[in-house]
Amino acid sequence: MTTLSPENSLSARWSASFILVKRKPPIDKTEWDGFFDENGLLAKSRDFICVNILERGLHPFVRTEAWKFLTGYYSWQSSQDERLTVDSTRRKNYEALCEMYKKIQPLLENLHRNFMETRNTIAYDIQKLYDKDPLGNVLIDKKRLEKILLLSYVCNTQAEYQQGFHEMVMLFQLMAEHDHETFWLFQFFLQKTENSCVIKIGVGKNLDVLSTLIDFLDPVFAEHLRGKGAGAVQSLFPWFCLCFQRAFKSFDDVWRLWEVLLTGKPCRNFQVLVAYSMLQMVREQVLQESMTSDGILLACNNLIDLDADVLISAACLVYAELIQKDVPQPLKDFFL
């Protein structure tokens with residue numbers, strides 16, 4: 001086992017301080033524009049901006065543009081003119097993919113049974129979405145959403161469609177103005193978060209590391225989860241598949257957490273520390289009532305209407321605790 005570097009210890013103390021200080025107002029349009037010079041080149045460091053996003057969040061008016069940097073849609077080194085070119089290229093590439101899909105759709109329908117099944121699943125999932133706000137105003141265009149999901153399924157061979165993607169892409173559609181932005185932001189989000197929400201790629205790894213983290217930081221809880229609560233942690237895969245979307249009280253809270261995950265601050269794979277923090281919310285009840293795995297899962301599923309800032313703060317505190325310990329190499333490799 002190895003102890004983490006002094007630099008990371010400083011990061012841990014900073015993480016702890018984040019818990020204790022009341023969050024400043026989110027970064028607004030005026031402040032965001034001030035991060036760039038007259039040519040649109042970054043005047044502040046990427047690290048400075050990401051730390052501020054972690055600590056404060058983004059105002060809705062700057063979120064779409066900021067996410068283009070956070071996901072890799074735009075390069076942090078690009079000028080304003082270069083970004084206009086990139087956006088035009090992304091739009092043309094999206095349109096080309098749409099044309100390609102139209103041409104191969106008959107072939108897919110006739111020769112690929114999986115395509116037909118997936119298309120039906122996507123259509124069914126989208127119809128279940130509630131697409132209106134409390135005033136009855138339509139929030140999303142379901143046809144456009146279905147088109148983006150089908151295109152993503154056909155083009156992204158790594159991240160095949162899974163139930164829950166329709167809810168995730170809906171949030172990108174609500175944030176972005178154009179379909180090509182929605183499509184590419186979702187693709188880049190999956191890449192940037194190392195496909196951590198994809199069942200066949202990242203979810204299993206997240207669950208395994210979560211178990212290891214509990215063993216390391218909370219042996220008493222770990223012992224219960226290995227015994228009477230056996231299987232409970234592995235049953236928490238919906239947290240990761242949906243990137244915790246159903247745990248929050250508002251879309252703004254979901255976006256708030258997701259943009260923190262995109263910053264890579266305070267560490268890589270922060271989503272596992274978020275899951276650990278959520279488990280800690282039910283820990284006392286689980287131990288006092290000696291819950292079985294079914295009871296633990298029910299308690300975890302009742303974690304709804306959470307405040308993103310509170311959860312992010314709790315996860316930062318876990319990181320601060322972790323970083324000061326003699327951390328096993330597998331955890332060090334995963335988080336740093």
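This report walks through the domains, a long helix and the nonpolar core of a predicted model.

**Domains**

Let's start with the overall layout. The protein chain splits into domain 1 (78-191) and domain 2 (195-333). Their centres, taken over C-alpha atoms, are separated by 28 Å. Where the two meet, 15 residues of domain 1 are in contact with 16 residues of domain 2.

| Item | Domain 1 | Domain 2 |
|---|---|---|
| Residue range | 78-191 | 195-333 |
| Residues in contact with the other domain | 15 residues | 16 residues |

A database record adds another set of bounds. In UniProt, an unreviewed entry places the feature "domain: Rab-GAP TBC" at residues 57-265. In this model, the span 57-265 is 69% helix and 0% strand, and its end C-alpha atoms lie 12 Å apart.

**Helix 5**

Next comes helix 5, which covers residues 80-111 and has 32 residues. From first C-alpha to last, helix 5 reaches 45 Å, close to the 46 Å expected at 1.5 Å a residue. Even so, there is a kink of about 45° at Ile-104, shortly before the proline Pro-106.

Which residues of helix 5 are buried? They are Arg-83, Asp-87, Arg-90, Tyr-94, Leu-97, Cys-98, Tyr-101 and Leu-108. As for their partners, these buried residues pack against helix 4 (60-71), helix 6 (113-128), helix 7 (142-155) and helix 9 (179-192).

**The nonpolar core**

Now for the interior. The largest nonpolar core has 109 residues, and those with the most contacts inside it are Trp-67, Phe-165, Trp-258, Phe-270 and Phe-335. Helix 14 (residues 270-288) gives the most to this core, contributing 10 residues. Why does the core lie between domain 1 and domain 2? It does so because domain 1 (78-191) and domain 2 (195-333) both give residues to it.

**Two residues at the start of helix 14**

Phe-270 is one of the residues with the most contacts inside the core. Not counting residues up to four places away in sequence, Phe-270 touches Val-260, Leu-261, Lys-265, Ile-312, Ala-315 and Cys-316.

Gln-271 is also found in helix 14. Is Gln-271 buried or exposed? Its relative accessible area is 5%, so Gln-271 counts as buried, the cut-off being under 20%. Leaving aside neighbours within four places in sequence, Gln-271 is in contact with Ser-196, Asn-206, Phe-240, Phe-244, Leu-261 and Phe-334. Leu-261 therefore appears in the contact lists of both Phe-270 and Gln-271.

Note on methods
Residues numbered from 1 in each chain as written. Predicted model: local features only at pLDDT ≥ 70, side-chain atom pairs only at ≥ 80, totals over all residues. Heavy atoms only, no water. Helix = DSSP H or I, 4+ residues; strand = E, 2+ residues; numbered from the N terminus. Expected span 1.5 Å × (residues − 1). Bend = angle between axes of the 7 residues up to and from the residue. Buried < 20%, exposed > 50% of the residue type's maximum accessible area, 1.4 Å probe, protein only. Contact = heavy atoms within 4.5 Å. Core = buried A, V, L, I, M, F, W, Y, C linked by side-chain atoms within 4.5 Å. Domains from an automatic or database assignment. UniProt positions renumbered as here; feature names shortened; annotations may be inferred.
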